[in-house]
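Take a look at the structure below. Keep the sequence at hand as you read.

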Amino acid sequence: MVSADLASVEILSIPRKKTWSKEAVLEALALTVNKDPTAYAYQFQDDPYLSPRSSTDFKLFSLSQASGRAAAKFFVNNHSKFFTKDFAEPPIPCLMPETVAPHLEEVSEEALRERVQLRKVTAAVELYDQLLQTGTAISMETTHQLLDLICFYGDRDPAPEGGPQTEDTEASAEGRQMNKPSLRQASALKSSWKENNNAERIFKLLPERDSHSYCTLIRGMVKHGAPSKAFSLYTDLLNNRLVADVHTFNSLLLAASEVRDGHNDKWDLICDLLKQMNQQKVQPNLQTFNAVLKALKHCGHLARAHALQTISEMKALGIAPSLASYHHLLAVFYKASQNTDILQEVLSELMGRSLECRDPDDVHFFSQAMRICLENKDLDLAYNVQSLVEVGENWRLLGDSSKQNIYYGRFFTLLCMMEHVDVVLKWYHCLVPSLYYPRPQGLMDLLQALDTDNRLEMLPSVWKDIRSLAHDNKADLVEELLTLMAREQHAPEVQERFARCALEIKGVFDGDTGRSGPAWSTSSLSSITCLLLRGNRSQQAWDVLQLFRCKNRVPPEGLLEEFLLVCRDEKLPQRAVELVQFSATFCLAVTQKLARSVLADFDLTEEQRTLLSDLEMSAEPCD
């Protein structure tokens, strides 16, 4: 009986060794600390001097780091003889030289495969021609690999990573940084697919043209701006009774809107391609439906009904839409309508889910969703979008630093418009500078929010952030800050802080920071003078007042009257007389009024009275 019970007990097997992932220790340590919202991105913490202060700095420093790594890799790979010893323990293969030069020099199919593997387009084509001249038979598999290489790079050698760039590679790099044009724009401006290039030549030389060869060439034509030729070649494929693969159909669906003009013609072509997929028993994938949704954005009034139908068809086939699918759906519905029902339905499906990137266009969803929230001033919906971003690692789908800054900029603008200032400041301290580098307009929105809720005592701290973000040379932003500080009288301790802030701003205008400051205006001079007067810094205010004459600006009459009141409170008769003389140099109408006030309110010498009487008699508006 006892033996039977023991036999029924499950035997536990205790492993002698537990296998952990390589990042297990780092992941455990990461759980012990919280994210510091005041810290810069981790990639910049090795060199505090290169801590970015703005989105422009972030992009510049990021590209500089990437350029440095690429240049080092280029040197290591092209001068591998200097890096033969591996001192790392355990070895780190990615830091060792890579094979970038071919080792096989003979004319053979193996040498051709090696050049294809090394992405040497020109060298591979030359070796292919040599093999044909010698009468060497080349396998179809190797020919397919060569065609794939040529069509992928558009019959050009790829730019070496970190290496010197030619004019063509520089132009292509600039094109990648700019917004990608449509296929029609690309073909109209400059199609990178050249007529009768090596891909077409090798294709015509093939003794037997199979589906792989046709599909490779079609995808290359679509990618490099020749959609019309791609459809013509697809017709040849059908005439030869061959079948295209799903990737080829996806490329043709993307190009469908570029080879037809009318909305109905575009949609008819898309439907024909989908029917042909069904006839050829080609199973669609996520990219197929995303290509249809992307093409629908160019189909005008037909898009809205067919977009929802496409999403339903995806789900019926068991294909879950990606963020790119919803991005294209929102683009279709929010061209003219401002209804947020579609976005609310999308968020209800995605809420609480940890997402992953399944399409290159996934990174556009969050930015577009926040734009819709901002345009409709829907704060609750914006909070739902932000909640989805905070789930797991969904923040990675915000895109690069530029798209991330755009997303948080729209979110922060909406907060400044709709939320209480305390909540705005809470978000501000959580986002800046770890996630968001405000642009001047974002800081302007913050100033307006502080003004709306009458929290102007916080303006000096905003000025510190303006300086740290390198926006202190933006005249509109600085003048708005000065105007808010000088608009009304505050408590003495607040006025003292405003006066210190005004002196710092004066230093920026004078170029004391080593950079050229904004140009002096009447508004900036008046505000700084007023703030210094209210901060009991009359001498410094007088020095700023002299800048009106140096900068050819006319002081407002109200400023001179306020200055006179300060002179009376501090019992400065000589400064009051000088103020009247200063007003007279500008032929201001207030000069006569100032002279009478000084004569009546100050204990003056006979010489001062005579001078003021003369100024009072001669104070008439100048022509």
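The paragraphs below go through annotated repeats, helix packing, an aromatic pair and two loop residues.

Bear in mind that this is a predicted model. Start with what a record says. An unreviewed UniProt entry lists "repeat: PPR" for residues 210–244 and 285–321. Look at residues 210–244 in the model. That span is 74% helix and 0% strand. Its end C-alpha atoms lie 10 Å apart. Now turn to residues 285–321. Here the span is 68% helix and 0% strand. The end C-alpha atoms of residues 285–321 are 10 Å apart.

Next comes the packing of helices. Two packed helices are described by the angle between their axes and by the distance between those axes. Begin with helix α11, residues 227–239, and helix α13, residues 263–279. Their axes come within 14 Å and cross at roughly 30°. The crossing of α11 past α13 is left-handed. Which residues of α11 and α13 meet? From α11 come Phe231, Tyr234 and Leu238. From α13 come Leu269, Leu273 and Gln276. This contact has 5 nonpolar residues, 1 polar residue and no charged ones.

Tyr234 appears again in another setting. A search of the whole structure finds 16 aromatic pairs. One of them joins Tyr234 and Phe249. The ring centres are 5.8 Å apart, and the planes make an angle of 75°. That pair is edge-to-face. What does the pair tie together? Tyr234 lies in α11, while Phe249 lies in helix α12, residues 246–255. The pair therefore ties together parts that are 15 residues apart in sequence.

Now move along the chain to helix α30, residues 573–585. Two of its contacts are described here, one with α27 and one with α32. Take helix α27, residues 538–545, to begin with. The axes of α27 and α30 come within 12 Å and cross at roughly 15°. Angles under 35 degrees count as roughly parallel, so α27 and α30 are roughly parallel to each other. The crossing of α27 past α30 is left-handed. On the α27 side, the contact is made by Ser538, Gln539, Trp542 and Leu545. On the α30 side, it is made by Arg575, Glu578, Leu579 and Phe582. These residues divide into 4 nonpolar, 2 polar and 2 charged.

The other partner is helix α32, residues 606–618. α30 and α32 pack at an angle of about 25°, with their axes 11 Å apart. They are therefore roughly parallel to each other. Their crossing is left-handed. α30 contributes Gln574, Val577, Val580, Gln581 and Ala584 to this contact. α32 contributes Gln608, Leu611, Leu612 and Leu615. How do the residues of the contact of α30 with α32 divide? There are 6 nonpolar, 3 polar and no charged residues.

Finally, look at the backbone in two loops. Most residues other than glycine have a negative phi, and most peptide bonds are trans. Find Asn196, in the loop between α8 (183–190) and α9 (198–205). The phi of Asn196 is near 55°, a positive value in a residue other than glycine. Then find Pro433, in the loop between α21 (421–431) and α22 (440–452). Is the peptide bond from Val432 to Pro433 cis or trans? The bond is cis, with omega near 0°.

Methods:
Residues numbered from 1 in each chain as written. Predicted model: local features only at pLDDT ≥ 70, side-chain atom pairs only at ≥ 80, totals over all residues. Heavy atoms only, no water. Axes fitted to C-alpha atoms, helices over the stretch in contact; angles between N-to-C directions. Helix = DSSP H or I, 4+ residues; strand = E, 2+ residues; numbered from the N terminus. Parallel < 35°, antiparallel > 145°, perpendicular 65-115°, else oblique. Left-handed = near helix turned anticlockwise from the far one by under 90°. Contact = heavy atoms within 4.5 Å. Nonpolar A, V, L, I, M, F, W, Y, C, P; charged D, E, K, R; others polar. UniProt positions renumbered as here; feature names shortened; annotations may be inferred. Phe/Tyr/Trp six-rings, centres within 6.5 Å; stacked < 30°, edge-to-face > 60°.
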